[in-house]
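Me: Please take a close look at a single part of this model and describe it in one connected account. Begin with the term that the account leans on, and set the part beside another element for context.

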Amino acid sequence: MPRVFIETFGCQMNKLDSELILGRLLSLGYEEARSPDDADVILFNTCSVRKHAEERVFSRAGALKRRKERDHYLLIGVIGCMAQKDAVEVASRLPHVDLVCGTRMLHRLPELIEEARSRSPVLAVATPEDFRLSRSGSFRRNHFQAFVAAMRGCDNFCSYCIVPYVRGREISRPTDEIADEVKTLVDDGCVEITLLGQNIDSYGKRLSPRADLAHLLARLDRIDGLRRIRFVTSHPLDFSDRMISAIADLPSVCENVHLPPQSGSDRILKLMKRGYTSAYYRDLAAKLRDAVPDVTIAADFIVGFPTESDDDFRQSCSLLQDVGFQNSFIFKYSPRPGTAAADMPDDVPPEEKARRNNLLLDIQRRISLTQKTALIDSTQEVLVEGPSKRDRSKLTGRTRTNHIVAFEGPQALEGTFVGVRITSCTPLTLFGELASSS
C-alpha cells in the first residue's frame with residue numbers, strides 16, 4: 001500500500017487535522033512513512049497566518065520537482081489554509097503538485113488522492129456547510145494526550161487575521177458528540193485532552209439547544225479517568241464569568257489560559273477590530289486571578305501593526321509588565337491579502353519591527369524567570385510527555401499551569417503523573433528531581 005508523509009505547519013488545529021487525516025488513511029491501508037524520502041504520498045498541511053509560513057511551503061514543495069520528474073508515482077499535495085486561500089497560485093507556482101485541497105474538503109482527502117492519480121492537478125476548495133473531519137480508529141501520536149476539535153472557524157474578522165477567510169464561519173460540534181469522542185479517548189488511555197477552536201470561548205452559540213464552553217467543560221469534567229482539560233484559543237470579549245467559575249470549580253480544568261491581547265494600545269486595538277480596550281483586558285485578567293490565584297495567562301502580541309507609534313508600542317510593553325504573562329508569542333506584523341489591514345500602509349520598517357519584537361521578548365524573559373524562580377523548592381504535579389528534545393537523558397512534561405519541567409527518570413514514566421521537586425530554572429524551563437509517581 002502507499003506510504004504517506006505529512007508535514008504540518010502552523011497551529012494546533014492543523015496538527016489535529018494532520019493526525020485525523022493520517023488516522024483515516026491508515027485505516028484504509030496506507031502506511032506512515034518515516035520521512036519524505038520513503039513516501040509515495042507527500043502532503044503539506046499549510047498555514048496562512050504569516051507569509052513566512054507560506055514561503056516555506058513553496059520552498060519545500062518546490063524542492064520535490066526533480067524527484068517528481070523521476071518518480072511519476074509520487075503524489076504531492078498542498079492542503080489546508082494556504083490551499084484554501086491561494087489554490088490557483090499554488091497550482092501555478094507548483095505545477096508538479098497533484099492535489100490542492102482546502103480546509104473544508106479535508107474529509108474527502110482519500111478519494112481526492114485517488115482522483116489525482118488519474119487526473120492531475122485536482123483543486124478542491126469548496127466550503128460545504130456540513131463539513132466534518134472525524135477521528136478514525138484509535139490513531140494518535142501518544143495514548144495519553146489528545147487534541148479534540150470543539151468548533152472550527154471564526155466570526156470575529158479581526159482586521160489582520162486571515163482565519164475567517166480560510167477556515168470559514170464558526171461551526172460548533174454538538175456537546176454529546178464531543179463527550180462521546182472524549183469518553184472513547186479516555187477508555188483508550190487518554191488522561192489529558194485539549195479542546196481546540198479558533199475562538200474557543202464562543203463555542204455553542206449556534207447549537208440547538210444552546211450551550212457554551214463552560215457547559216461543555218462541566219460535561220467533560222464528569223468523565224471518569226480524565227485528569228486534565230485544556231482549551232485554546234480564547235478571545236477576551238468572549239471570556240465570560242461562567243468560564244472563570246469553570247476554571248475555579250472544575251477539578252480537571254487546568255489553571256492556564258491562552259488569552260491574546262495582541263496590543264496594549266487602545267488606538268491599535270480599535271484598528272485591529274478587537275472590540276475591547278487595554279483597561280478591559282487588565283480588569284479581565286485581575287478578575288481571573290482573583291478567582292483562580294494560581295492561574296497562568298499566555299499572550300499573543302503583534303508588533304509593527306500599521307501606524308503603530310513608539311507610544312503605542314510602549315503601551316504594549318506596559319500591558320505585558322502589568323499583567324505578568326507566563327509566556328508570550330510575539331509576532332512581527334505581516335500583511336495578509338484579503339484582510340482589512342492589508343489596505344493600510346505597512347509603514348513600520350522591518351528593522352523597527354525586529355527591534356520591538358526583541359524588546360518585548362526581553363521583557364517576557366525577565367517576567368518568566370521571576371515566576372519560575374518563585375517555584376524553586378516546590379513540588380509540582382507533572383504529566384510526563386517523554387524524553388527531552390534537547391537532552392535525551394532527561395524526561396520532560398508539563399504542570400497543570402503549563403510550565404515545562406525537565407528531570408531525570410526512567411522512560412517507563414511516560415504518560416504517568418509524577419511529583420517533581422523544582423531545583424532550578426531558566427526563563428523557559430523548570431528543572432527538578434523526581435519526588436513521587438502515580
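Reply: Helices here are DSSP runs of H or I with at least four residues, strands are runs of E with at least two, and both are numbered from the N terminus. The model is a predicted one. With that term in hand, Gly-29 can be placed just after helix 1, where this glycine takes a positive phi of about 105°. Helix 1 itself covers residues 12–27, and its 16 residues reach 22 Å from the first C-alpha to the last, close to the 22 Å expected at 1.5 Å a residue. Its buried residues include Met-13, Leu-16, Leu-20 and Leu-25, and also Asp-17 and Glu-19.

The part for the close look is strand 13, residues 296–303, which is mostly covered, with 8 of its 8 residues buried. Thr-296, Ala-298, Asp-300 and Ile-302 point one way from the strand, while Ile-297, Ala-299, Phe-301 and Val-303 point the other way, and the residues of both sets are buried. Strand 13 pairs in the parallel sense with strand 12, residues 256–258, over 3 bridges, and within this pairing Ile-297 is the bridge partner of Val-257. Strand 13 also pairs with strand 14, residues 327–332, again in the parallel sense and over 6 bridges, with Ile-330 of strand 14 as the bridge partner of Phe-301. Helix 13, residues 310–323, joins strand 13 and strand 14 in making a right-handed β-α-β unit.

Definitions and conventions: Residues are numbered from 1 along each chain as its sequence is written. This is a predicted model: local features need pLDDT of at least 70, side-chain atom pairs count only at pLDDT 80 or more; totals for chains, interfaces and linings use all residues. Side-chain values use heavy atoms; hydrogens and water are left out. Buried means under 20% relative accessible area, exposed over 50%, partly exposed in between (1.4 Å probe, protein chains only). Two strands pair if DSSP finds at least two bridges between them. A crossover is right-handed if, with the strands pointing away from the viewer, the path from the first strand over the helix to the second runs clockwise. The expected span of a helix is 1.5 Å times one less than its number of residues.
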